[in-house]
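Please consider the structure shown below. The paragraphs that follow take its confidence, its core and its charged residues in turn.

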Amino acid sequence: MIETAYIAGIFDGEGWITISKWENAQRKRTEYAPNYVRLQLIVGIANSHLPLMENIHAQLGGNLFQNDSAFRKNPKNRICYHWRVSSGKAADFLKQILPHLIAKRDEAILAIELQQHITENIGVLKYHPERSQELYSFRQNLTDQIKLLKKRRFAPLVNGDAQITKIVQ
């Protein structure tokens with residue numbers, strides 16, 4: 001069994017948080033959702049070490065995929081494995097590793113908040129269509145904040161000091 005802190009370290013370095021957005025006016029078009037928009041939290045880790053990825057998959061569930069497109073282009077490249085989990089299971093994973101995260105901590109907090117909002121408001125659009133714009137706006141705001149965090153740049157470390165001196169906007 002892999003320690004939670006170790007998995008958090010791998011996720012901080014080789015993991016990702018994304019919010020998938022589907023906008024499809026034809027799908028699920030109803031009186032309470034005239035412009036169907038769906039947001040889904042997805043998190044994952046990519047790594048070329050298969051035993052590690054199989055252990056993470058066995059311990060945490062989710063899906064494990066093989067991506068050999070780079071290998072097919074050049075056999076010197078390694079095959080990459082992608083583990084991923086979505087929605088409530090993604091939020092549960094982030095909550096589990098949150099105490100150990102450093103680089104992706106702020107993104108994880110916002111992602112957990114987004115998934116919590118989605119979960120708490122399941123069915124609201126059906127019974128309160130007047131709240132659709134409010135709900136979509138709140139969720140889009142969290143999604144936009146996560147995207148901004150991904151664009152942050154940090155100043156280089158000075159003299160090996162582990163303290164980050166300033167954030168470059």
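What follows begins with the reliability of the model and then moves from the core to the charged side chains.

The coordinates come from a predicted model. The mean pLDDT of the chain is 83, and 80% of the residues score at least 70. Among the elements of the chain, helix α4 has the highest mean pLDDT, at 97, while strand β6 (residues 167-168) has the lowest, at 48. Over residues 164-169 the pLDDT falls below 50, although this stretch has 12 contacts in the model beyond near neighbours in sequence. Where pLDDT is low, predicted coordinates should not be read in detail.

The next topic is the nonpolar interior. In soluble globular proteins, nonpolar side chains tend to be buried together. The largest nonpolar core here comprises 33 residues, of which F11, L41, V43 and L94 touch the most other members. At least two residues of this core come from each of α1 (4-14), β1, β2, α2 (50-60), β4 (80-86), α4, α5 and α7. Helix α5 gives the most, with six residues. V43 illustrates how such a residue is surrounded: leaving out residues up to four places away in sequence, V43 touches F11, W16, I17, W83, R84, V85, A90, F93 and L94.

Helix α5 itself merits closer inspection. The helix has 16 residues and spans 22 Å from its first C-alpha to its last, close to the 22 Å expected at 1.5 Å a residue. Its buried residues are E107, A108, L110, A111, I112, L114, Q115, H117 and I118, and they pack against β1 (15-23), β2 (37-47), α4 (87-97) and α7. One of them, A108, has a relative accessibility of 0%. Beyond residues up to four places away in sequence, A108 touches I17, L94, L98 and L101. The C-alpha atoms of A108 and I97 are 9.3 Å apart, with these positions 11 residues apart along the chain counted as their separation.

How many salt bridges does the count give? The count comes to one salt bridge. This salt bridge joins K150 to E107, with the closest N and O atoms 2.8 Å apart. K150 belongs to helix α7 and E107 to helix α5 (residues 105-120), so the pair ties together parts that are 43 residues apart in sequence. The two partners have distinct surroundings: K150 is partly exposed, with a relative accessible area of 42%, whereas E107 is buried, at 6%.

Helix α7 (residues 132-150) also contains R139. Which side chain of opposite charge is nearest to R139? That side chain is E120, which is 8.8 Å away, and R139 is buried yet has no salt bridge. The cut-off for a salt bridge is 4 Å between a side-chain nitrogen of Lys or Arg and a carboxyl oxygen of Asp or Glu. Apart from neighbours within four places in sequence, R139 is in contact with L39, L114, H117, I118 and N121.

L39 offers a view of this region from strand β2. With a relative accessibility of 12%, L39 counts as buried. Its contacts, leaving aside neighbours within four places in sequence, are I19, S20, K21, I118, R139, Q140 and T143. L39 and Y136 lie 97 residues apart in sequence, yet their C-alpha atoms are 9.1 Å apart in space.

Methods:
Residues are numbered from 1 along each chain as its sequence is written. Side-chain values use heavy atoms; hydrogens and water are left out. Helices (H or I, at least four residues) and strands (E, at least two) are DSSP runs, numbered from the N terminus. Buried means under 20% relative accessible area, exposed over 50%, partly exposed in between (1.4 Å probe, protein chains only). Lys and Arg count as positive and Asp and Glu as negative; His and the chain ends are not counted. Contact means heavy atoms within 4.5 Å. The expected span of a helix is 1.5 Å times one less than its number of residues. pLDDT is the predictor's confidence in each residue, from 0 to 100. A nonpolar core is a set of buried Ala, Val, Leu, Ile, Met, Phe, Trp, Tyr and Cys residues joined through side-chain atoms within 4.5 Å.
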